[in-house]
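Notebook open, structure loaded. I'm going through it piece by piece and jotting down what I look up.

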Amino acid sequence: MSEELLYEKGDVLVRKAILEPGESSPWHTDSCNRLTVILNGDRLAIEFRDSGAIQEFDAPAGQVDWDEPASEVHRAINVGRRRYEEVVIFVLSEPGQDPQPKAE
C-alpha cells in the first residue's frame, strides 16, 4: 500500500492511497468523518480483525462515499483485478489528529 499526503490545513487532511491487487492496508480504526472518492478500482473488501468478518463490495471509479468514525479495528483489501486508488478528505476533530490510527 502506498499513501501520499496531498493537503493539510487546520481540520482538513487530504490523502491519496493506492492498493495493488491482493494488497491490504494496515489494521486501523477511523477516528473522524471522511469523504472518499474512488479514482480507480473494481472490488474492495473490509476485514474486521476481532470478528474475522469480511464485507466485499464493488468499488468503481467515480464512486463517492461519506463515512463516520469507526472504532472497530479493520483493514481494506483490494480483492479486485485492478489497482485501487482513492482520495480521502478527512474532517479532523482537531488539527494534527491521526485520522486512521494504526492498531497493534
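**Entry 1: Lys 102**

I started at Lys 102 and asked for its contacts, skipping residues up to four places away in sequence: it touches Pro 26, Trp 27 and His 28. Note to self before going on: this is a predicted model. Lys 102 sits in the segment after β9. Buried or exposed, or something in between, for Lys 102? It comes out at 49% relative accessibility, so it counts as partly exposed, given that exposed means over 50%. I also pulled a C-alpha distance: Lys 102 and His 74 are 28 residues apart along the chain, and their C-alpha atoms are separated by 9.6 Å.

**Entry 2: Gln 97**

Gln 97 also has its place in the segment after β9. How accessible is Gln 97? I get 16% relative accessibility, so Gln 97 is buried, the limit for that being under 20%. With residues up to four places away left out, Gln 97 touches Ser 31, Cys 32 and Leu 92. I checked it against Trp 27 too: the two are 70 residues apart in sequence, and 18 Å apart in space from C-alpha to C-alpha.

**Entry 3: the sheet with 4 strands**

Next I went for the strands. One open sheet has 4 of them in the order β3-β8-β5-β6, paired antiparallel. Why do β3 and β6 each have a side without a neighbour in the sheet? They stand at the edges: β3 (28–30) and β6 (54–58) have a single partner strand each, so one side stays unpaired. From one strand to the next, the twist averages 40 degrees.

I looked closer at the β3 edge. β3 pairs with β8 (residues 70–78) in the antiparallel sense, over 2 bridges. His 28 stands opposite His 74 of β8. His 28 was already on my page as one of the contacts of Lys 102.

**Entry 4: the sheet with 5 strands**

The other open sheet I noted has 5 strands, in the order β1-β2-β9-β4-β7, again with antiparallel pairing. Its edge strands are β1 and β7, each pairing on one side only. Ignoring direction, neighbouring strands here are turned by 20 degrees against each other on average.

How many bridges join β1 to β2? I count 7 between β1 (residues 2–9) and β2 (residues 12–19), which run antiparallel. Glu 4 has Lys 16 in β2 as its bridge partner. The hairpin of β1 and β2 has 2 residues between the strands, and Gly 10 there takes a positive phi near 60 degrees. β2 is also joined to β9, antiparallel, by 8 bridges. Val 12 stands opposite Val 91 in β9.

**Entry 5: Ser 25**

Ser 25 is in the loop between β2 and β3. Its relative accessible area is 8%, so I logged Ser 25 as buried. What is Ser 25 in contact with, beyond its neighbours within four places in sequence? The list reads Met 1, Leu 19, Arg 75 and Ala 76.

**Entry 6: nonpolar cores**

Leu 19 and Ala 76 turned up again when I asked for the largest nonpolar core. That core has 8 residues in all: Leu 19, Ile 38, Leu 44, Ile 46, Phe 48, Ala 59, Ala 76 and Tyr 84. Strand β5 (residues 43–48) gives the most to it, with 3 residues. I picked out Ile 46 and left aside residues up to four places away: it touches Ala 53, Ile 54, Gln 55, Phe 57, His 74, Arg 75 and Ala 76. There is a second, separate core of 5 residues, including Leu 13, Cys 32, Phe 90 and Leu 92. Cys 32 and Leu 92 are familiar from the contacts of Gln 97.

**Entry 7: the largest pocket**

Last lookup, the empty space. The largest pocket has a volume of about 550 Å³. Which of its 29 lining residues are closest to the centre? They are Arg 34, Ile 46, Asp 67, Ala 76 and Glu 86. I then went by strand: β2, β3, β4 (33–40), β5, β6, β7 (64–67), β8 and β9 (84–91) each supply at least two residues of the lining. β9 gives the most, with 4 residues.

Definitions and conventions:
Residues are numbered from 1 along each chain as its sequence is written. This is a predicted model: local features need pLDDT of at least 70, side-chain atom pairs count only at pLDDT 80 or more; totals for chains, interfaces and linings use all residues. Side-chain values use heavy atoms; hydrogens and water are left out. Two strands pair if DSSP finds at least two bridges between them. Axes are lines fitted to C-alpha atoms, for helices over the stretch in contact, and angles run from 0 to 180 degrees between N-to-C directions. Buried means under 20% relative accessible area, exposed over 50%, partly exposed in between (1.4 Å probe, protein chains only). Contact means heavy atoms within 4.5 Å. A nonpolar core is a set of buried Ala, Val, Leu, Ile, Met, Phe, Trp, Tyr and Cys residues joined through side-chain atoms within 4.5 Å. On a 1 Å grid over the protein atoms alone, a cavity is a set of points where a 1.4 Å probe fits but cannot get out, and a pocket is an open set with protein on both sides within 12 Å along at least five of seven lines; lining residues have an atom within 4 Å of a point. Grid points are joined across faces, edges and corners, and a volume is the space filled by probe spheres set on the points.
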